[in-house]
Amino acid sequence: MAGLQDAPLITDSTIETSVPACHTAPNPSSSSPQDATTTFHIGTRSSLLARVQTDIVLALLRAAWPKCNFETHFMKTAGDNNQTTALYKFNDKALWTQELEVLLQEKKLDLIVHSLKDMPTQLPIDLELGCVTARGDPRDAFVMKASLVGKYKSLAELPEGSVVGTSSLRRTAQLKRSHPHLRFADVRGNMGTRLSKLDNPESEYSALILAVAGLDRLGMSGRITTYLSKADGGMLYAVGQGALGIEARKDDAKVKELLSKIGCERTTRAVLAERSLMRTLEGGCSVPIGVETEWVKRKGILDPEVGVGAKPAEEYHNLTGVATSTTAADPTTSSNQTNGSEAHADNTKVDLNEGELTDELIMRALVVSLDGFEIAEVETRRRLTSREEADEFGWEVARQLVAKGADKILEGIGLNRKIIGEQNEA
């Protein structure tokens with residue numbers, strides 16, 4: 001793509017295309033994405049995982065719009081260029097996105113594929129989260145050193161003083177609370193680099209904590225020793241973890257139509273609630289905020305009044321049938337399928353066939369101090385019939401966390417920000 005190599009703020013950019021260069025540029029006068037003369041330019045980071053994730057989105061787009069042309073473009077961001085500094089030391093929420101966003105604003109890209117957990121909750125004023133595809137497994141994974149596989153099967157079994165590698169303050173803070181016998185050390189690099197550091201016989205690491213979705217997408221799920229969740233290991237995951245977010249320009253009607261066929265409405269509502277929580281608390285990569293969301297199964301609804309409004313989970317008459325697995329929803333639950341779906345207030349449809357899930361979402365959330373000693377934690381649920389309700393739900397959960405002392409914990413971490421100071425603008 002002409003000019004991409006010379007765009008500002010790009011360092012060591014690598015440009016590759018997935019279609020022949022003879023395809024024409026986008027036609028501004030075209031009224032439909034299906035116009036065969038249109039080429040859409042997709043940007044992402046240059047890491048192998050980012051490329052694989054972009055291929056997932058590309059496959060969805062090509063299936064939905066077989067006559068359209070797509071080119072993919074890869075580049076390194078600030079986070080990619082610095083592989084040694086611990087993530088929490090960066091004071092930049094757009095660590096993985098800013099350089100790509102500049103190209104999107106300059107119309108050198110039409111959309112960007114992100115790991116949603118890397119996307120700031122506050123985007124540039126002219127950009128938006130245009131689409132979220134069906135979520136992968138959002139959990140974290142406990143990965144043992146190759147030489148120790150079979151000897152230890154869980155974090156609790158590791159000997160006192162064992163070193164666990166992770167670059168996440170969220171993971172470290174939670175694990176310090178639940179497994180105080182362990183030590184934690186930073187580990188950076190792409191998935192292969194981190195695993196090679198783990199398996200090096202001379203390295204200090206006994207295990208790593210990694211995202212399940214990343215391992216799955218790279219075909220490395222065989223390395224997983226244990227899946228971590230609230231119930232198993234006391235670990236809540238990062239906001240948006242496991243989901244792919246597609247960023248676009250707000251005024252690009254053609255891209256809006258393009259993305260309308262590949263999103264998953266159920267995933268979108270869940271992650272919007274999570275992102276609203278984080279945005280209200282003004283959190284980012286350097287703040288230990290954890291979440292876990294799951295949809296209630298239809299057979300669990302015993303009382304027709306249950307599910308109206310946000311309430312603590314214990315007030316719901318101890319419902320049975322709540323989904324206990326935090327594994328990913330099957331991609332076939334994407335909102336572009338209509339059989340067995342329900343239309344809601346925002347004219348979107350949610351597929352309820354998979355596991356007979358309702359539109360009631362449970363959210364578990366916590367804020368924990370860096371040493372693991374202080375914690376604010378809530379579990380609540382609400383029926384979500386629109387994206388607006390999802391956003392309100394996240395705000396309400398944040399308010400409950402603040403009532404339990406989350407603001408004091410965040411102040412102790414050194415944010416020195418007002419937490420829900422101007423509630424109407426949160």
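Visitor: Which residue follows α9, and what is the sign of its phi?

Guide: After α9 comes G405, and its phi is positive, near 105°. Please keep in mind that this is a predicted model.

Visitor: How do you know that the length of helix α9 agrees with its number of residues?

Guide: We can set the expected span against the model. Helix α9 covers residues 387-403, which is 17 residues, and at 1.5 Å a residue they should span 24 Å. The C-alpha atoms at its ends are 25 Å apart, so the two values agree.

Visitor: Which residues of α9 are buried, and what covers them?

Guide: The buried ones are A390, F393, G394, W395, E396, V397, A398, Q400, L401 and V402. Their cover includes two helices, α8 (265-281) and α10 (406-413), along with the strands β16 (357-368) and β17 (375-383). An α-helix has 3.6 residues a turn, so residues three or four places apart point the same way.

Visitor: What makes α8 a mostly covered helix?

Guide: Of its 17 residues, 15 are buried. Its span also fits: 17 residues at 1.5 Å each should reach 24 Å, and the end C-alpha atoms of α8 are 24 Å apart, so expectation and model agree.

Visitor: Why is T268 called buried?

Guide: T268 has a relative accessible area of 7%, and buried means under 20%, so T268 qualifies. This residue lies in helix α8. Not counting residues up to four places away in sequence, T268 touches V132 and R387.

Visitor: What is the phi of E282, and where is E282 placed?

Guide: E282 comes just after α8 and takes a positive phi of about 55°. Most residues other than glycine have a negative phi.

Visitor: What is the phi of K107, and where does K107 lie?

Guide: Phi of K107 is near 65°, a positive value in a residue other than glycine. K107 lies in the loop between α3 (98-105) and β4 (111-115).

Visitor: Why is K107 called exposed?

Guide: The relative accessible area of K107 is 58%. Exposed means over 50%, so K107 counts as exposed.

Visitor: What makes W65 and T97 buried, and where are they placed?

Guide: W65 sits in the loop between α1 (48-64) and β3 (69-76). Its relative accessible area is 4%, so W65 is buried. T97 is in the loop between α2 (78-81) and α3, and because its relative accessible area is 0%, T97 is buried too.

Visitor: How many residues in sequence, and what distance in space, separate W65 from I262 and T97 from P120?

Guide: W65 and I262 are 197 residues apart in sequence, with their C-alpha atoms 9.9 Å apart. T97 and P120 are 23 residues apart in sequence and 8.2 Å apart, C-alpha to C-alpha. Leaving aside neighbours within four places, T97 is in contact with H114, D118, M119 and P120.

Visitor: How many disulfides does a search of the whole structure find?

Guide: The search finds zero. C131 is in no disulfide, and the nearest cysteine sulfur to it, that of C264, is 9.3 Å away. A disulfide needs sulfur atoms within 2.5 Å, so that distance rules out this pair. C131 is buried, because its relative accessible area is 6%. C68, at 7%, counts as buried as well.

Visitor: Which residues have the most contacts inside the largest nonpolar core, and which element supplies the largest share?

Guide: That core has 28 residues, and those with the most contacts inside it are L277, L281, A365, V367 and L401. At least two residues each come from α8, β12 (289-297), β16, β17, α9 and α10. The largest share, six residues, is from α9. Apart from this core lies another, of 19 residues, among them L58, C68, L111 and L244.

Visitor: What is the mean pLDDT, and where does pLDDT stay under 50?

Guide: The mean pLDDT is 78, and 69% of the residues reach 70 or more. It stays under 50 over residues 313-353, for which the model has 106 contacts beyond four places in sequence. Residues 415-426 also stay under 50, with 20 such contacts.

Visitor: How many helices and strands are there, and what percentage of residues is buried?

Guide: There are ten helices and 17 strands. Of the 426 residues, 54% are buried.

How values were computed
Residues are numbered from 1 along each chain as its sequence is written. This is a predicted model: local features need pLDDT of at least 70, side-chain atom pairs count only at pLDDT 80 or more; totals for chains, interfaces and linings use all residues. Side-chain values use heavy atoms; hydrogens and water are left out. Helices (H or I, at least four residues) and strands (E, at least two) are DSSP runs, numbered from the N terminus. The expected span of a helix is 1.5 Å times one less than its number of residues. Buried means under 20% relative accessible area, exposed over 50%, partly exposed in between (1.4 Å probe, protein chains only). Contact means heavy atoms within 4.5 Å. pLDDT is the predictor's confidence in each residue, from 0 to 100. A nonpolar core is a set of buried Ala, Val, Leu, Ile, Met, Phe, Trp, Tyr and Cys residues joined through side-chain atoms within 4.5 Å.
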